[in-house]
Amino acid sequence: MLTQEENELMCRIGPGTMMGTYLRRFWFPAMMSEELPEPDCPPIRVKLMGEDLIAFRDTNGDVGLLDNNCPHRRASLFFGRNEECGIRCVYHGWKFDINGDCVDMPSEPAESNFKDKVKITAYPTQERSGFVWAYMGPADKMPEMPDFEWMHVPEENRGFAKFIYESNFVQAVEGEIDTVHASFLHSNLDAQTIAGAATTSGGRFMYNERWANFFVREKDYGLLIGARRPADADSYYWRISQWMFPFYTMTPREPGNGENSFVRCRMWVPRDDDSTWVFLSHWHRHRPMGESDLREIVSCRNLEPGKWIGKANLGNDYLIDREMQKTKTYAGLPRGTGRVEDAAMIETMGSVVDRSFEHLGTSDTAIIAMRRQLIKAARELEEGIEPAAVTHPEFYQVRSSSAVLPLDIMFDEDAEVLEEINVNP
Ligand code: FES
Ligand SMILES: [Fe+2]
């Protein structure tokens, strides 16, 4: 549980807030590259970190990320003309390039130099691995991009998508590092296993034993999280996950290197205090993603048109089916459009859940540690200590994993073994 004051401090991310200032020290995905398919294509609206922005791809193919509102009299640049290396406001024709410079001001006399004095807020962008990344912090503190393993695998070894959770980013992250919920929320009554893992040992173990022992270690990148469940008589089923500063997670699928054994990196980027962009990148290191590997990606791309949310959503009680809940699945919530089961739990807490009412158990060990790390890092920045992770892109070269291991492997004594599994499955 957190006090209301700590909770507010952890969750509010607008300009000038303590957490907002901290998060703006990092590069993060802002959209998928495919949303701006070609030079001079229509601009799109992008809400990010509580700011209303527009993105456009200019004539050179570079992506601009600008304040939505024209600095003249605040008309929306979403309606702008994207032409000749800039976006032109259709109200009085002022034009801005991707750096935010006003490059034309045809509504003023030719001899005026007013345009040289006007700028619009513009954030630097870079494109990598299917996403347009943005940096919204101070120019003199601009760090390197995080260097994830999935940025180095062949394109066919990856799947990616994005959607929105109608909740604050912290509770979205908490849902991801809470492995125990899978044994309930995502379980199938009829098959006695877990969603998407019907034929696998991992799905069976998670159904058979619904509790887990948690082991959490603080790392340079954030947290290494081990969750251990009884498997067969002589083994445990381990799931090794990471939470990485400030809102990245990696969670495993099935043990081994077979079907459904890909790794999942999720990036939980605040749209505003009350909603979150979820960017998914799933990958295999050694082989292309197969059809079943891509099921989750396909479902996360099957959304309500134009809204980036599942067809079953907060507005329609997620289309809960009480008959299905009695007979087929634990939750009775539909699958195949977004991550409905997760969204239904995370969003209906309230967009910024009041954590002073919580009663946390041992299954919340990782969540407690993540909150502590996040608040500590933001407080340190306020005291002048810059976040270490932003100058160490290599911190992000980790990978989640799952494995069935002998009973005598202990997290504390054998952390190196587990990290090795983690790095070289
Ligand atoms: S409001 Fe944009 S040019 Fe006037
Ligand atoms: Fe889940």
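Tryptophan 94 counts as buried in this predicted model, because its relative accessibility is 3%, under the 20% cut-off for burial. Its ring pairs with that of phenylalanine 114: the centres are 5.9 Å apart and the planes stand at 90°, so the pair is edge-to-face. The two rings link distant parts of the chain, 20 residues apart. Tryptophan 94 belongs to the loop between strand 6 (87-88) and strand 7 (95-96), while phenylalanine 114 sits in the loop between strand 8 (102-104) and strand 9 (122-123). Phenylalanine 114 is partly exposed, with a relative accessible area of 37%.

A search of the whole structure finds 25 aromatic pairs. Another of these joins tryptophan 243 and phenylalanine 245, whose planes are at 65° and whose ring centres are 5.0 Å apart, so this pair is edge-to-face too. Both tryptophan 243 and phenylalanine 245 are buried.

Some rings also have a charged partner, as the table shows.

| Charged residue | Ring beneath its charged end | Distance to ring centre |
|---|---|---|
| Lysine 162 | Tryptophan 277 | 3.8 Å |
| Arginine 228 | Tyrosine 236 | 4.0 Å |

Now to the nonpolar interior. In soluble globular proteins, nonpolar side chains tend to be buried together. Which residues have the most contacts inside the largest nonpolar core? They are Tyr22, Leu48, Trp133 and Phe148, in a core of 106 residues. Helix 9 (residues 365-382) supplies the largest share of this core, with 9 residues. At least three residues of the core come from each of domain 1 (27-141) and domain 2 (149-423).

Leucine 48 is a handy residue to click on here. Not counting residues up to four places away in sequence, leucine 48 touches Phe28, Ala30, Leu53, Leu65, Ala134, Met136, Val269, Pro270, Arg271 and Trp277. The last of these, Trp277, is the residue whose ring lies under the charged end of lysine 162. Apart from the largest core lies another one, of 13 residues, and tryptophan 94 is among them, along with Leu66, Cys70 and Phe96.

Let us turn to the domains. The protein is divided into domain 1 (27-141) and domain 2 (149-423). Their C-alpha centres lie 34 Å apart. Across the boundary, 19 residues of domain 1 are in contact with 20 residues of domain 2.

Two helices deserve a visit as well. Is helix 3 (residues 169-176) largely enclosed or largely open? Helix 3 is largely enclosed by the rest of the structure, because 8 of its 8 residues are buried. The buried residues include Gln171, Glu174 and Glu176 as well as Phe169, Val170, Ala172, Val173 and Gly175. The N-terminal end of helix 3 is capped by asparagine 168, which has a side-chain oxygen 3.0 Å from the backbone nitrogen of valine 170.

Helix 4 (residues 182-185) contains alanine 182. Alanine 182 has a relative accessible area of 10%, so it is buried. Setting aside neighbours within four places in sequence, alanine 182 is in contact with Ser187, Ile194 and Met206. Glutamate 155 is 27 residues from alanine 182 along the chain, and their C-alpha atoms are separated by 29 Å.

Conventions
Residues numbered from 1 in each chain as written. Chains lettered and ligands numbered in written order. Predicted model: local features only at pLDDT ≥ 70, side-chain atom pairs only at ≥ 80, totals over all residues. Heavy atoms only, no water. Buried < 20%, exposed > 50% of the residue type's maximum accessible area, 1.4 Å probe, protein only. Helix = DSSP H or I, 4+ residues; strand = E, 2+ residues; numbered from the N terminus. Polar contact = N/O pair within 3.5 Å; in protein donor to acceptor, adjacent residues only side chain to side chain. Phe/Tyr/Trp six-rings, centres within 6.5 Å; stacked < 30°, edge-to-face > 60°. Lys NZ or Arg CZ within 6 Å of the ring centre and 35° of its normal. Core = buried A, V, L, I, M, F, W, Y, C linked by side-chain atoms within 4.5 Å. Domains from an automatic or database assignment. Contact = heavy atoms within 4.5 Å.
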